[in-house]
Amino acid sequence: MMLLALFVGSATAQDTAPGPLAEAPVPSVATVAEPAPPAARPTEAEKLPPAYVRDVRLDLWTFTAQDSRTDIAPTFDHQESAVLDLGVRPAPGLDAHVAVSVLGNVATNVIDEISYETRGRALMQAGPDGLDLSAMDRVRIYQAGATWDMPAFRLAAYHRTGHSHWGDKGDLFGLYREANYGDAIDIYDATAPSGIEFEGKQALEGLAFAFGPQVYWGANPTAIARYQLTTGALAWTVMHQEDIAAQAEITTSTAVPQPVGRKSTLVLEGGRGPFTFDLGGVVAGSERIGDTFQSVVPAGKGESYADSGQHLLQDEVRWYDTLGGKARVSVEVGRVHGYVLGTYRGLVADTGPEQTTEITGWGLKDHGVGNVGGALLGVAVDVGSFQIAPNLLVQRPIVGALPVIASGWDGATGWYTPQITPRNIVDDPFAVRENRETVAGELLLVFDPTPSTPFGKDALQGDALQGDAQEDASFAASLDLIYRHHRTARDASVGLTAEGDLVTFAASPPAADVWDATFRVVSSPGREVLILGSIYAGQSQSTGDDARLVTRFGADATVWWRATALQVVGRVNDYGLYDYYQTFNLTYPLQGSVDLSTGLSGFRLPFPGTRLGVRLKGRTFDQWSPDAAQLGAQGGAFEAATYLTVRL
């Protein structure tokens with residue numbers, strides 16, 4: 001099971017054995033002892049000793065694999081790793097923990113290139129004359145965290161452990177983002193999130209701040225402060241974010257850090273009757289005032305730049321390009337729920353994506369990128385056990401994307417016109433990407449006979465597994481359809497190669513419509529049976545510069561019966577596991593896996609406990625797959641693995 005890749009620890013309360021009893025004083029015969037009041041029953045946390053074991057995990061794997069790109073015959077390898085999670089409680093209200101990862105042998109024939117354990121692979125060309133060197137990174141802090149809960153404040157420190165957002169605490173612009181990434185931090189060997197969060201109480205009520213080297217994935221080292229004041233039915237929130245330095249760690253192209261900057265927001269929240277509203281303003285990107293950029297406008301019938309039909313303009317960022325605003329009104333009347341959201345953000349007024357769940361599990365959300373004006377409108381209607389929820393997005397950039405204009409030379413005049421390439425976020429003050437001109441529609445259909453555990457919300461908000469675990473209906477399902485119409489192309493992107501090198505592209509794909517359809521189901525026909533499944537299809541564009549549209553399909557199903565689990569996954573013409581596959585438009589004709597395991601317990605979170613299993617995984621290659629030049633249009637890779645996971 002993919003669940004078995006999780007190293008997330010879970011504290012296990014342990015009753016401590018009573019220590020030696022001190023001899024009680026004997027009362028004087030001249031006095032009568034008052035009966036002692038009954039002692040408060042200690043909580044589970046209070047019963048923990050000053051130091052205790054939260055979790056112990058041992059993973060033993062074997063891999064038999066064959067890859068037609070490199071191997072003539074099947075290869076065999078093995079892998080061992082362990083995690084020891086220790087907790088300390090030096091005083092009431094103060095808890096801390098650290099989990100240490102230790103590697104044994106690290107398999108080199110696994111067909112997935114990157115994982116948390118690959119840090120321990122040998123350094124193949126670091127020695128003299130290419131001599132192999134043993135890897136040194138065998139022991140590492142896997143996770144760490146601490147909470148200090150006092151009457152006047154609550155302090156939380158985290159390293160590779162998740163935290164929630166401030167979207168429901170006045171952060172309308174998403175400066176402090178959700179940072180629960182599941183096993184993605186292991187897939188990419190990332191260190192995010194890492195930081196400290198403070199929240200005041202009593203006299204400090206409403207004051208909060210967070211700072212750290214990477215408080216969410218892709219963040220620069222930063223400090224974020226928030227103060228919220230409630231006056232009657234209104235709540236005022238002021239926030240400021242100040243980046244301290246540029247982020248040195250880049251592990252995924254979906255979280256490439258923005259340039260170092262600052263942001264300030266002011267938000268007013270309130271409501272009356274069935275209506276609630278949020279109104280906010282932002283100032284962001286002031287450090288880019290004066291930066292120059294290029295744009296184009298149609299030239300009509302006159303002369304144009306390099307005979308492209310466009311006039312090339314040179315401009316600069318001004319103070320008003322740092323301003324933005326956002327307004328949202330929501331209403332709930334009986335079984336009808338609706339909202340409308342409007343936003344305007346100047347050229348460099350970048351903020352963060354929408355963090356809250358807007359009524360239901362819609363996938364269309366405000367992305368938070370600057371240089372845009374747009375609106376969102378959604379309605380959800382409950383009809384018995386069904387929910388019908390259409391959603392609409394309309395947006396347009398203030399300054400459009402730059403086209404590619406080839407260089408030219410006019411022999412008659414001697415004028416040379418340099419080549420023009422699309423902008424990117426590394427070399428330019430702004431770029432048109434998520435904020436490209438778009439009209440998008442979404443239809444979400446949910447069947448859930450037990451709305452106390454809303455399946456539609458959890459299923460589509462990045463925490464599907466948690467939602468599946470909490471769903472108490474014998475059958476629940478959702479169908480989400482999203483269509484995005486793009487009238488214009490976007491600017492260029494940046495991405496990471498498989499080796500971790502940052503790449504800036506000089507072009508972008510042409511304008512094209514994309515769509516996604518996802519069907520999900522959870523069923524529990526009996527107390528000892530749980531069935532999870534999904535089917536998806538979609539048409540996607542490369543996030544790099546390749547023009548090929550990818551139409552992909554896939555399905556997965558997981559069946560739990562008591563302590564035994566079977567998972568089957570199949571994909572057709574889809575990207576690989578890592579984001580750089582979509583960056584470079586690399587796909588596999590077929591991908592699939594089968595995982596069968598059993599253990600000491602059934603389905604439970606945050607981890608499935610001790611498991612013994614076997615996993616088969618394979619994929620085929622064609623001309624669109626990695627290293628296609630070595631393959632022609634033939635070949636494939638196959639992996640058979642056995643594993644034993646032992647947990648406390």
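In the hairpin of β16 and β17, where 2 residues sit between the strands, Gly 384 adopts a positive phi near 65°. The model is a predicted one, in which local features need pLDDT of at least 70 and side-chain atom pairs count only at pLDDT 80 or more, while totals for chains, interfaces and linings use all residues. Residues are numbered from 1 along each chain as its sequence is written, and side-chain values use heavy atoms, with hydrogens and water left out.

Strand β16 (residues 372-383) has partners on either hand. Strand β15 (residues 336-345) runs antiparallel to β16 and is joined to it by 10 bridges; two strands are said to pair if DSSP finds at least two bridges between them. Here Tyr 339 stands opposite Gly 378. Strand β17 (residues 386-396) is also antiparallel to β16, with 9 bridges between them, and Leu 376 has Leu 393 of β17 as its bridge partner. Strands (E, at least two residues) and helices (H or I, at least four) are DSSP runs numbered from the N terminus.

A hairpin is also found at β8 and β9, with 2 residues between the strands and a positive phi of about 65° at Gly 232 in the turn. Strand β8 (residues 222-231) pairs with β9 in the antiparallel sense over 10 bridges, and Thr 222 is matched with Asp 243 of β9. Strand β9 in turn pairs with β10 (residues 262-272), again antiparallel, over 8 bridges; one bridge partner pair is Gln 241 and Lys 263. The side chains of β9 (residues 234-243) alternate: Ala 235, Thr 237, Met 239, Gln 241 and Asp 243 point to one face and are buried, whereas Leu 234, Trp 236, Val 238, His 240 and Glu 242 point to the other and are not. Buried means under 20% relative accessible area, exposed over 50%, and partly exposed in between, with a 1.4 Å probe and protein chains only.

Turning to the surface, a nonpolar patch of about 650 Å² is made by Ile 531, Val 559, Leu 566, Val 568, Val 594, Leu 596, Val 614, Leu 616 and Phe 638. Strands β27 (564-575), β28 (587-599) and β29 (611-620) each give two or more residues to this patch. Ile 531 lies in strand β25 (residues 529-540) and is partly exposed, with a relative accessible area of 31%. Patch residues have over 30% relative accessible area and no salt bridge, with nonpolar side chains (Val, Leu, Ile, Met, Phe, Trp, Tyr) joined within 5 Å and like charges within 9 Å; a salt bridge is a side-chain nitrogen of Lys or Arg within 4 Å of a carboxyl oxygen of Asp or Glu. Areas come from the Shrake-Rupley method with a 1.4 Å probe, and for residues only the protein chains shown count as cover.

Overall, the chain holds 5 helices and 30 strands, and 44% of its 648 residues count as buried.
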